[in-house]
Amino acid sequence: MCSSDLSVFGAVADNPDTLPNEAPNNASSDGGAIWATSDVATLVSIQGSVFEGNHSDEDGGAVWVGGDVRLEVEGSSFESNFTLPDPDHEAVRCGGAIALANSDGALIEGSSFTNNRAEYTGGAIEAHTSCSGGEASTLEVKNSTFSANTAFCAGGAIEAKSLIV
């Protein structure tokens with residue numbers, strides 16, 4: 001297991017071509033621009049960055065964080081990121097911009113989420129944890145804006161399950 005951190009400062013993950021398999025910031029599973037588990041890092045820090053037009057076939061149109069990883073986002077913009085619909089209608093697609101799956105919590109501060117879309121829940125952010133015997137993770141959002149984000153089922157802006165919000 002690796003115990004390093006992943007830091008992104010002032011980056012632009014811009015995918016103007018939103019057709020599947022035709023642009024670099026698409027994922028065949030989770031996280032269109034960033035995918036991180038505890039095998040990769042224990043902290044993912046994103047500052048002053050732009051994520052636009054990214055998409056994934058599953059969860060986290062722009063960012064997917066899972067396992068014992070903490071996500072910290074500051075002064076960043078997430079616009080028009082999305083999860084693709086399941087053509088077989090068998091799987092759910094969550095977190096149009098960010099998906100947190102059993103993560104070590106998140107702090108999102110001074111960031112904007114505009115026109116992100118999830119095919120199931122969490123138009124901008126999907127966050128859940130199993131809470132198996134431990135304390136619930138915390139999702140803390142400060143001084144951030146959510147505008148025109150959509151989800152087919154629940155949580156147009158944020159869908160949080162088993163978390164302290």
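Which side chain meets that of E140 in a salt bridge? In this predicted model, the partner of E140 is K142, and the N to O distance between the two side chains is 3.4 Å. The pair is taken up again below, after a description of the chain as a whole, its sheet and its core.

## The chain and its strands

The chain holds 21 strands and 0 helices. Of its 165 residues, 45% are buried. Among the contacts that link residues at least 6 apart in sequence, 83% join residues that are at least 24 apart.

One group of strands forms an open sheet, in which 5 strands follow the order β4-β8-β12-β16-β20 with parallel pairing. The edges of this sheet are taken by β4 and β20, and because each of these has a single partner strand, one side of each is left without a neighbour in the sheet. From one strand to the next, the twist averages 5°.

Two of the pairings can be followed residue by residue. Strands β12 and β16 run parallel and are paired over 4 bridges, with L100 having A127 in β16 as its bridge partner. Strand β16 is in turn joined by 4 bridges to β20, which covers residues 158–161, and this pairing is also parallel. Within it, I125 has I158 of β20 as its bridge partner, while H128 is matched with K161 of β20.

## The nonpolar core

In soluble globular proteins, nonpolar side chains tend to be buried together. The largest nonpolar core of this model has 24 residues, and the members that touch the most other members are I46, V63, L71, F78 and I98. Several strands each supply at least two residues of this core, among them β4 (34–36), β8 (63–66), β12 (98–101) and β16 (125–128), and also β5 (43–47), β9 (70–74) and β13 (106–109).

L71 gives a picture of how one core member is surrounded. Leaving aside residues up to four places away in sequence, L71 touches V44, I46 and V65, then I98 and L100, and finally G105, A106 and L107. Two of the residues named here, I46 and I98, are also listed with L71 among the core members that touch the most others.

## A buried asparagine in a loop

Where does N81 lie with respect to the strands β10 and β11? N81 lies in the loop between β10 (77–79) and β11 (82–83). Although placed in a loop, N81 is buried, with a relative accessible area of 0%. When residues up to four places away in sequence are not counted, N81 touches F51, E52, G53 and N54, together with G61 and A62, G96 and A97, and N115, N116 and R117.

## Charged pairs

Side chains of opposite charge can pair when their charged atoms come close. A search of the whole structure finds 3 salt bridges, and these are set out in the table.

| Salt bridge | N to O distance | Relative accessible area |
|---|---|---|
| R70 and E72 | 3.1 Å | R70 24%, E72 28% |
| R117 and E119 | 3.0 Å | R117 35%, E119 24% |
| E140 and K142 | 3.4 Å | E140 33%, K142 35% |

In the pair from the opening question, E140 is partly exposed at 33% relative accessibility, and K142 is partly exposed as well, at 35%. R70 is likewise partly exposed, as is E72, its salt-bridge partner. In the remaining pair, R117 is partly exposed, and so is E119; R117 has already appeared above as one of the residues that N81 touches.

## The cysteines

How many disulfides does a search of the whole structure find? The search finds 0. For C94, the closest cysteine sulfur is that of C153, and because the two sulfurs are 8.7 Å apart, they are too far from each other for a bond. A disulfide would call for sulfur atoms within 2.5 Å. C153 is accordingly in no disulfide, with the sulfur of C94 as its nearest cysteine sulfur. The surroundings of the two residues can also be described by their accessibility: C94 is buried, with a relative accessible area of 6%, whereas C153 is partly exposed, with a relative accessible area of 44%.

Key. Residues are numbered from 1 along each chain as its sequence is written. This is a predicted model: local features need pLDDT of at least 70, side-chain atom pairs count only at pLDDT 80 or more; totals for chains, interfaces and linings use all residues. Side-chain values use heavy atoms; hydrogens and water are left out. A nonpolar core is a set of buried Ala, Val, Leu, Ile, Met, Phe, Trp, Tyr and Cys residues joined through side-chain atoms within 4.5 Å. Buried means under 20% relative accessible area, exposed over 50%, partly exposed in between (1.4 Å probe, protein chains only). Contact means heavy atoms within 4.5 Å. A salt bridge is a side-chain nitrogen of Lys or Arg within 4 Å of a carboxyl oxygen of Asp or Glu. Two strands pair if DSSP finds at least two bridges between them. Axes are lines fitted to C-alpha atoms, for helices over the stretch in contact, and angles run from 0 to 180 degrees between N-to-C directions.
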